[in-house]
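Here is my note on the structure you asked me to read through with you. Please keep the sequence and the 3D view open while you go through the points.

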There are 2 protein chains.
Amino acid sequence: MIPQRLQADDGYELWLKYTRIADPTVAATYRRQLQGWRVVSEGATAEVVRTELRRALPGLFGKAIPEAAGGVNHQLVIGTSQSPLLASLHNKVAGLAADGFVITHTRIQGKESIAIVSATETGMLYGVFHFLRLLQTGQPLAEVSSAPKTKVRILNHWDNLDRTVERGYAGFSLWDWHKLPDYLDPRYTDYARANASIGINGAVLTNVNANALVLTPMYLEKVRALADVFRPYGIKVYLTARFSAPIELGNLPTADPLNKEVRTWWQDKIREIYTYIPDFGGFTVKANSEGQPGPQNYGRTHADGANMLAEALQPYHGIVMWRAFVYDHQVPEDRTRQAYNEFKPLDGKFLPNVMVQVKNGPLDFQPREPFHPLFGAMPSTALLPEFQLTQEYLGFATHLFYQAPLFKECLDADTYARGKGSPVSNVIDGTLDQHTLTGMAGVANIGNDRNWCGHPLAQANWYAFGRLAWDHQLSPSTVADEWIRMTLHQDAAVVQTIRAMLLATRETTVRYMTPLGLHHIMGWNHHYGPAPWIKDKERADWTSVYYHRADAQGIGFDRSSRGSNALGQYHPPVQALYNDLQQCPESYLLWFHHVPWNHTMRSGRTLWNELCYTYQQGVDSVASMQTQWKTLHGKVDGALHTQVTSLLAIQYQEATWWRDACLLYFQQFSKQPLPTGVPKPARTLEDYQRLEFPYAPGIRPKW
Amino acid sequence: MIPQRLQADDGYELWLKYTRIADPTVAATYRRQLQGWRVVSEGATAEVVRTELRRALPGLFGKAIPEAAGGVNHQLVIGTSQSPLLASLHNKVAGLAADGFVITHTRIQGKESIAIVSATETGMLYGVFHFLRLLQTGQPLAEVSSAPKTKVRILNHWDNLDRTVERGYAGFSLWDWHKLPDYLDPRYTDYARANASIGINGAVLTNVNANALVLTPMYLEKVRALADVFRPYGIKVYLTARFSAPIELGNLPTADPLNKEVRTWWQDKIREIYTYIPDFGGFTVKANSEGQPGPQNYGRTHADGANMLAEALQPYHGIVMWRAFVYDHQVPEDRTRQAYNEFKPLDGKFLPNVMVQVKNGPLDFQPREPFHPLFGAMPSTALLPEFQLTQEYLGFATHLFYQAPLFKECLDADTYARGKGSPVSNVIDGTLDQHTLTGMAGVANIGNDRNWCGHPLAQANWYAFGRLAWDHQLSPSTVADEWIRMTLHQDAAVVQTIRAMLLATRETTVRYMTPLGLHHIMGWNHHYGPAPWIKDKERADWTSVYYHRADAQGIGFDRSSRGSNALGQYHPPVQALYNDLQQCPESYLLWFHHVPWNHTMRSGRTLWNELCYTYQQGVDSVASMQTQWKTLHGKVDGALHTQVTSLLAIQYQEATWWRDACLLYFQQFSKQPLPTGVPKPARTLEDYQRLEFPYAPGIRPKW
């Protein structure tokens, strides 16, 4: 009794819209191959598969495809290789990595069949979603054999127990803790469906700035309820462990990881957690960083801390994801060096069920950073790369910023750890150093906004993260193509326009925010908008001037061998690439060098003029996006078109703000005029400096 | 290019679903009368009408009804009486209260027509929504003449600028301040549609615990954007004025309402506001209450404060809604007396554009309170009743509590202000004391949850509030019937079951929470769950023991002439009704009397046994609701059915918790056993007292 309704696209259904296949020839071809379907396995995941097909197929074809339990010619047969009917396909899936699957044309009980088969139930589900993706994107139903390149494909939710989300720009937390465990918001299921459809198999439910309360029985009951919803979708729940929980919850005088009582407390606590959630995934830990407690409070190392938890989790096959994003109380000469300094010496000291979670770059999710020097520096340690899908430094949820090119730039970067051809991707997929515990973590950009991610097109980042965690060889273009076809439109010209827009966004944003290797020049605390003038705060390395170092001579942070030598943390060929001002790729110029204002760039322009032009290019590129989007009026959903139009207008306005505020500020040092073609800013530097945003989203409320 | 999609009912569309009319005979009858339609007025509201009809009619009839600009026999013609085509109907609408409308059968240019006409554009919109309601609820298209009984029909949003909502249980604020003014969430329009459809014409956007920042240009731009969205729907925006804003924003040394500079500051500020929003509605003010600043800080009266703002608003036709919910720093002997004590002497002292906003009862939105004694006590003052739709004391958004019976109990209560037949409704609709400035305010239960109100059935309270503000003579049953038919199902038997459930909820909740006149025995601060044991807090009148006064002799707050004589604030016939313990209706017994445990009740039981049985009845009634709801399985939308089933299970659990915790607590005083039929509590009193809910929704986050 579900009524059909006419309504605007509110974005809730993500890439699982199952819109009717527009091309009748394509649809007819599929229909011939799909006279009926059956799921020959049983269990909760098989039921999930049935439900999904009952939803998807009528949507795609405009009418139901019969469920043919008894078999029919040209059928779709789905199951695990344990199913007797599919046993003959066992060999095809036996060699695949866990949860890999095969889609194959075969005869089953004499009937022409397409079989989707995996050794595991979750793999079977992944195969079905892959198959549906083929239908959604109009691809031929050819043979497929696919297996994930990493094992722990996980979202980190920086969600607090009061439902605020640190650095969240898409509303508030999905987890309605008050109503849990007894009320299960249908959204939990749709979240699980979306994740499973792109291969995500884990979710850290809570903020890395952790609250020990989530480890108490009252909350564990709630966590169990979520775990129960997610389980049939192959998704494990993880929590953040507050290192001082033994003090806060256990009334112990210490949280020293070598203290016997502390170790017992964690063992008991972990045993208790597993009584609630038998497949609990483990912990993410932010320790001794930004005020969080940790082992160093007791003179112990990160390895001591991580191993204590890992040892307690090991009997249950749980893991620890220990974050390398740390920095001293003492402000370092170059903060980008710190994670390496602290963690490199610990290589080989972590238990096998510990992953060290390393941000993609050495600073903090800037629009562009070089890859983190720990990649390639810890061969004996499982490294889990951390990307930030939520756009803390990328324009919040108002700027269109398709992140796959950013992910790929990091994944493709060559560490030279074992000579040329040692990309980050092979560090983290385990092939370079023979690790079996591998993964990819993304800080979720998901909230309770109707469209999940705030910006209607920001879903593409969630999608791309999952797809690349499964297969880092996919190109950003392919992934964008899939997402657009499934989510927005099937028409090739429309797809091409939107894809071109998405692919350009990353460079565009770098240009209008932090061109030529600039970094960390955003607003104080909330990180909204430009603020290169930030200085004199409680920590120098929380200011902007610490990073851009603009002065009368020039601009940029000298991290070469003549400066902080952060470059020395990389393997020699990488050093060689960046150490020489003349050779250094200009996109990283001011990251690695302090460069005179009149330095001649490859364009022949001075640095100052190049900086100005690059900001201007960024602004112009947003204007081009606006023009491109305008051509889609009447083609994509009207409500969506209006929303994106408004958001692009904001992006243009803010790109202009970045350009003007930054150039006015830096001009104080360069003492040079704006070159022709770069308009005079509409406001004064003081105007920009006076702007305040006390209720910018994503920060702790001020009361 | 809007695809038709199959999806579960997520509640987003509220009562504007426009589901296909199920009964073919009814549909055919309508179709004969509706061969075409036209809107003969122009302007933004006329456009809104067209858009709504283009959405509604195809939904209701399964196909479009032609727009017949040139006219057609059996047509629907919509316009204002200024339209030449409808000028002959001018007399029909001329005498109606503002925004009243007529739906009438007539001939227009020789064509059989149904005309929807009003003197105003907003009235035309109301008429269209009324007409659509007739279609949605299967009523005959008879002649209608309808006009609102009150003028300011307004929602109060207790929404903060960081999007938290004080006492909000439906997610977070609808207002995405960060993205305003440039990004207009489609939800703003849908909010306006929903309000207009039930006659709500005002929205106070911000929390009564006010933040002066909303009065700064940065926020006024955002407020303007919302006002621009709402305007075509006849909705004015209002803000809360922080009384100390002249100090906080204007850097004045005082906010004394008689100070010249302060007065000038407000005049300038208000002039500024009207440059942004020419039809700005005015201010709601909470002053000298719960820590908010106010005129009493400067030795001035509430009238001094309200009049200062009113004078400045008067040239622009703005109003002040000055809340009577005040209490001293000094804890009074009986807090329920305080509003009357402070405001009654001010009657006649307020300027004509001030309304004094009075909560329905003298305490604070309890499940049951007598009507507020200010109703009927301030004949020279416009009184605006305040109801609380958000369920602060009514089980948050997890308990089903249909509030129309509560509203009506207050509205129907006879104040005897001008003798018998002087109900609150006639105080507030202006007929008793000849006021033209009238209204009804409701503290919104709306948040950014997909279904708006948290509980899928709590929308009925938003709906009922609007309908009763328009016409307080409507019965809760009629209103429920309309809402169910429009929102859930058209089948008479289904409607009847749900209506019976809704109508019973109020008494049920009173029974399991605060039977026999008990009040204010809920959890500390968050107000979640029972806590009759609360005592020894910074203010006695924030505790439970202050209100229930249980002791060895009995229980209840003596407000009779022998006690605090709060009853003395009512007119003599009301006093007579409640003053005598033997005569007092038992539903108010413990509100007005301290009653011995062995007092014989009308049932013949002792008070203690009656108390126990009444709690038990409450629990049993929830169980009955569960049984009733179960019968609807397969009839209402499946997802909705599952959700409500879960919520009823929570309600049952919490009803049991209330019963057990309260009876265990009161048993300490009565020292009597639980009577037969009331089960032994599962846990001890200490267990219940130990429960903590640090992140219960609706309170300021703890960090």
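The points below take up the contact of the two chains, then their symmetry, and then the domains of chain A.

1. Please bear in mind throughout that this is a predicted model, and that the values quoted here are computed from it.

2. The contact between the two chains draws on 56 residues from chain A and 56 residues from chain B. When the two chains are put together they bury about 5500 Å² between them, and 58% of that area lies on carbon and sulfur atoms.

3. What holds across this interface in terms of polar pairs and salt bridges deserves a careful look. Between chain A and chain B there are eleven residue pairs in polar contact, with both residues at pLDDT 80 or more, whereas the count of salt bridges across the interface of chain A and chain B is zero.

4. Which helices of chain A supply at least two residues each to the side that touches chain B? They are α5 (186-197), α6 (217-230) and α20 (638-670), and α20(A) gives the most to that side, with five residues. Taken by class, the side of chain A that touches chain B consists of 25 nonpolar, 17 polar and 14 charged residues.

5. On symmetry, chain A is superposed on chain B by a rotation of 180 degrees with 0.0 Å of shift along the axis, at an RMSD of 0.0 Å. That is the relation of a two-fold axis. The same surface serves both copies, since 100% of the contact residues of chain A recur in chain B.

6. Within chain A, the assignment gives domain 1 (4-146), domain 2 (152-487) and domain 3, the last of which is made of two segments, 511-557 and 594-689. The C-alpha centres of domain 2 and domain 3 of chain A lie 31 Å apart, and their contact takes 27 residues from domain 2 of chain A and 27 residues from domain 3 of chain A.

7. Domain 2 and domain 3 of chain A bury about 2200 Å² between them, 59% of it on carbon and sulfur atoms. On the domain 2 side, Val331(A), Thr398(A) and His399(A) lose the most area to domain 3 of chain A, and together they account for 23% of what that side buries.

8. Between domain 2 and domain 3 of chain A, the count of salt bridges is zero, while eleven residue pairs are in polar contact, both residues being at pLDDT 80 or more. The side of domain 2 of chain A that touches domain 3 of chain A has 13 nonpolar, eight polar and six charged residues.

Key:
Residues are numbered from 1 along each chain as its sequence is written. Chains are lettered from A and ligands numbered from 1 in the order in which they are written. This is a predicted model: local features need pLDDT of at least 70, side-chain atom pairs count only at pLDDT 80 or more; totals for chains, interfaces and linings use all residues. Side-chain values use heavy atoms; hydrogens and water are left out. Contact means heavy atoms within 4.5 Å. Buried area is the accessible area (1.4 Å probe) that two parts lose on being put together, summed over both. A salt bridge is a side-chain nitrogen of Lys or Arg within 4 Å of a carboxyl oxygen of Asp or Glu. A polar contact is a pair of N or O atoms within 3.5 Å; within protein, one must be able to donate a hydrogen and the other to accept it, and residues adjacent in sequence count only if both atoms are side-chain atoms. Helices (H or I, at least four residues) and strands (E, at least two) are DSSP runs, numbered from the N terminus. Ala, Val, Leu, Ile, Met, Phe, Trp, Tyr, Cys and Pro count as nonpolar, Asp, Glu, Lys and Arg as charged, and the others, Gly among them, as polar. Copies are superposed by least squares on the C-alpha atoms of residues with pLDDT of at least 70 in both. Domain bounds come from an automatic or database domain assignment.
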